[in-house]
Amino acid sequence: MKINVDKKEISAEILNGLDALERDFQTFAKSLVSSDEFRAIVVNPHFSIVPLTESSEETHFLLQSNADFNLAGTYKLHDLFRSFLKQKNLDIKLPNHALLLDIKFSLKELQPESKKEDGLPDFIPVEPMYSFEQMILTDQLKREVFDALKSIACQDLIYNIWGFGEIDPTPKCVVNMYGEAGTGKTMCAHAMAKYLEKKILLLNYADIESKYVGDAPKNLKKAFDVARATDAVMFFDEADSFLGKRIQNVNHGSDQALNSLRSQMLILLEEHKGVVLFATNLVTNFDKAFQSRMLKSIKFDLPNEEARAMIIKGKIPPRLPVENPYSENQPFSDDVYLEASKLIEGFSGREIRNAVLDLLLRKAEPDGDVIFSEEDLLEAFRKKKEEKERLENERKVILKEKIRSKMMEECESEKVKEELKAESKGEEAESKSETSEIVNNDES
C-alpha cells in the first residue's frame with residue numbers, strides 16, 4: 001500500500017490494520033468480479049492516506065471512482081465497495097487523516113466463446129451501419145426517438161444523482177419500435193446505437209431458437225451476457241415471437257419451449273441494465289408483462305407525400321448520369337421527386353429503395369454508357385406501383401379462396417354433424433320400437 005504520510009504519525013498497529021484491510025478488499029473485489037453479473041468489469045484500486053478535511057471529519061474512509069452508466073454495473077460495484085468501507089470504518093481510526101480508495105473501472109474485451117466449449121451459438125456485436133443523418137423522420141417521430149435517447153442518456157442523473165434508483169433499482173432502457181415492414185425500424189436501431197456510441201448486437205428468433213429442447217433460453221441468456229460484457233445495444237428484429245402472450249393451453253413440447261423462452265426474456269429484461277431495442281409489426285398480441293417493462297413504444301408509420309419525396313431524393317445516387325442534371329450533386333429537381341412521390345402513395349422506405357435499385361439495374365450496361373432522364377425515374381415508380389397493386393390483388397384472391405374453403409369445410413362439417421344426429425335419432429327411435437314390441441309380446 002502506498003502511504004502518503006509520515007509513518008511516525010501512525011502506529012505500527014494501524015499500519016498492520018491497513019495492510020489487512022487492503023488484503024480483505026482485494027479478496028472482496030475478486031469475489032465480486034468473478035460473478036456473472038460483474039465478470040466483464042476490471043477493478044483497479046489505489047489506496048492512499050490523505051489529510052482529514054473538515055467535511056470528512058466523522059469519516060476515516062473516502063471513496064471515489066469513475067463509475068459511469070456507460071460502464072454497465074460500475075455504479076452497483078461502487079455502492080458495494082462503499083458498504084464494505086463503512087463496515088471497516090469502526091475498526092481503524094487514523095489520527096487527523098483518512099484512507100482514500102480511488103477505483104478505476106474498465107470493461108474487458110469479450111473473447112468470443114467457441115461453440116465447441118458450450119454448444120451454444122456465438123453472438124458478436126458489430127459497429128452500427130446507419131446514423132440519423134441517413135434517415136428521414138417526421139418531426140413527431142424524431143421527437144419520440146430522441147425523447148427515448150434522452151431518457152437513456154440521463155439514467156445516471158435520474159437513478160443515481162436524483163436517487164430514483166432507491167425506488168426502482170433497475171433502469172428501464174427497453175424501447176419497442178412497431179409498425180409496418182420497411183418503415184425504418186431496423187435503420188433506427190442502428191442509428192440509436194451509433195448515437196449512444198455503442199456497438200449493436202443483432203438478434204432475431206432464428207438466432208435464439210434451437211432444435212434441442214431447453215437450449216433456446218440458454219441461447220437467450222448467453223446473448224444478454226455478451227451484451228452486458230461488451231456494453232452493446234441489443235436489437236431483436238421481428239420480435240413478435242419473443243413478446244407474445246404466453247400459451248395457456250399447452251398441447252405440444254414446442255408450446256412449452258416457447259413459454260419458457262418468453263418467461264426467460266421477462267427475467268432477463270428485469271435484470272438487464274443495458275439498452276434493449278425491439279422491432280415488431282404488431283403490438284396487439286403483446287403480453288402485458290412485457291409492456292410494463294418498456295421505457296417507450298414508438299410507432300413507425302408509412303411516410304407521407306413529403307417524406308416520400310425526401311426519401312426518393314436520398315436514394316438517388318448523387319453521381320447518376322442525367323441528361324440535364326439539376327445541380328452538381330442533385331440529379332433531379334425537388335419538383336420531380338415530389339411528382340414521383342405522388343405516384344407511390346402507401347410505399348415504405350424499403351419499397352422506395354427497391355424501386356430505385358430496379359431502375360438502376362434495368363438501365364445499367366457493362367460499358368457504363370447510360371443516360372437517365374426524369375421520365376425514366378417516373379416510369380420506374382409507375383411500374384413499381386403497378387407491380388405492388390398486382391401482388392396485393394393476388395393476395396386478396398388467395399385470401400378469399402382460403403376463407404371460402406374454410407367456410408365450405410365448416411359447412412361440410414355441420415352437414416356431417418346433422419346427418420350423424422339424424423342417424424342417431426333414427427337408431428334411437430328404432431331401438432324404442434323394438435323395445436316396445438318386445439314388451440307387447442311379453443304381455444301377450
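Helices here are DSSP runs of H or I with at least four residues, numbered from the N terminus. I note at the start that this is a predicted model.

**Entry 1: a pair inside one helix**

I looked up Lys221 and Asp225. Both lie in helix H8, four residues apart, which is about one turn of the helix. They form a salt bridge, and the closest N and O atoms are 3.2 Å apart. I checked how covered each partner is. Lys221 has 32% relative accessibility, so I put it down as partly exposed. Asp225 has 14%, and because buried means under 20%, Asp225 counts as buried. The pair also belongs to a network of salt bridges that links Lys221, Asp225 and Arg228. In general, side chains of opposite charge can pair when their charged atoms come close.

**Entry 2: other salt bridges**

How many salt bridges does the structure hold? I found 14. I wrote down two more of them.

Glu351 and Lys388 meet through their side chains at 3.3 Å, N to O. This pair links distant parts of the chain, with Glu351 in helix H14 (residues 349-363) and Lys388 in helix H15, 37 residues apart. Glu351 is partly exposed at 25% relative accessibility, whereas Lys388 is buried at 16%.

Arg382 forms a salt bridge with Glu375, with 2.9 Å between the closest N and O atoms. Arg382 is partly exposed at 28% relative accessibility. Glu375 is also partly exposed, at 44%.

**Entry 3: the largest nonpolar core**

Which residues touch the most other members of the largest nonpolar core? They are Phe236 and Phe278, in a core of 27 residues. I then listed the elements that give two or more residues to this core: strands S5 (200-203), S6 (233-236) and S7 (276-280), and helices H8 (215-230), H9 (240-243), H10 (253-271) and H11 (288-291). H8 gives the most, with six residues. In soluble globular proteins, nonpolar side chains tend to be buried together.

**Entry 4: contacts across the sequence**

I looked up Leu203 in strand S5. Is Leu203 buried or exposed? At 3% relative accessibility, Leu203 counts as buried. Its C-alpha is 5.9 Å from that of Phe235, although the two residues are 32 apart in sequence.

Pro125 is in the loop between helix H3 (115-118) and helix H4 (139-153). Pro125 is buried, at 12% relative accessibility. The C-alpha atoms of Pro125 and Leu201 are separated by 4.2 Å, with their positions 76 residues apart along the chain.

**Entry 5: positive phi values**

I checked two residues other than glycine that have positive phi. Glu197 has phi near 60° and lies in the loop between helix H6 (185-195) and S5. Glu197 is exposed, with a relative accessible area of 74%. Glu238 has phi near 50° and lies in the loop between S6 and H9. Glu238 is exposed as well, at 58% relative accessibility.

**Entry 6: surface patches**

Which residues form the negative surface patch? Asp139, Glu305, Glu306 and Glu345 form it. Of these I looked further at Glu305, which lies in helix H12 (residues 305-315). Glu305 is partly exposed, at 33% relative accessibility.

I also noted a nonpolar surface patch of about 300 Å², made by Leu399, Ile403 and Met407. Met407 lies in helix H15 (residues 374-443).

Technical notes: Residues are numbered from 1 along each chain as its sequence is written. This is a predicted model: local features need pLDDT of at least 70, side-chain atom pairs count only at pLDDT 80 or more; totals for chains, interfaces and linings use all residues. Side-chain values use heavy atoms; hydrogens and water are left out. Patches are made of residues with over 30% relative accessible area and no salt bridge: like charges are joined within 9 Å, nonpolar side chains (Val, Leu, Ile, Met, Phe, Trp, Tyr) within 5 Å. Accessible areas come from the Shrake-Rupley method with a 1.4 Å probe; for residues, only the protein chains shown count as cover. A salt bridge is a side-chain nitrogen of Lys or Arg within 4 Å of a carboxyl oxygen of Asp or Glu. Lys and Arg count as positive and Asp and Glu as negative; His and the chain ends are not counted. The place of a charge is taken as NZ of Lys, CZ of Arg, CG of Asp or CD of Glu. Buried means under 20% relative accessible area, exposed over 50%, partly exposed in between (1.4 Å probe, protein chains only). A nonpolar core is a set of buried Ala, Val, Leu, Ile, Met, Phe, Trp, Tyr and Cys residues joined through side-chain atoms within 4.5 Å.
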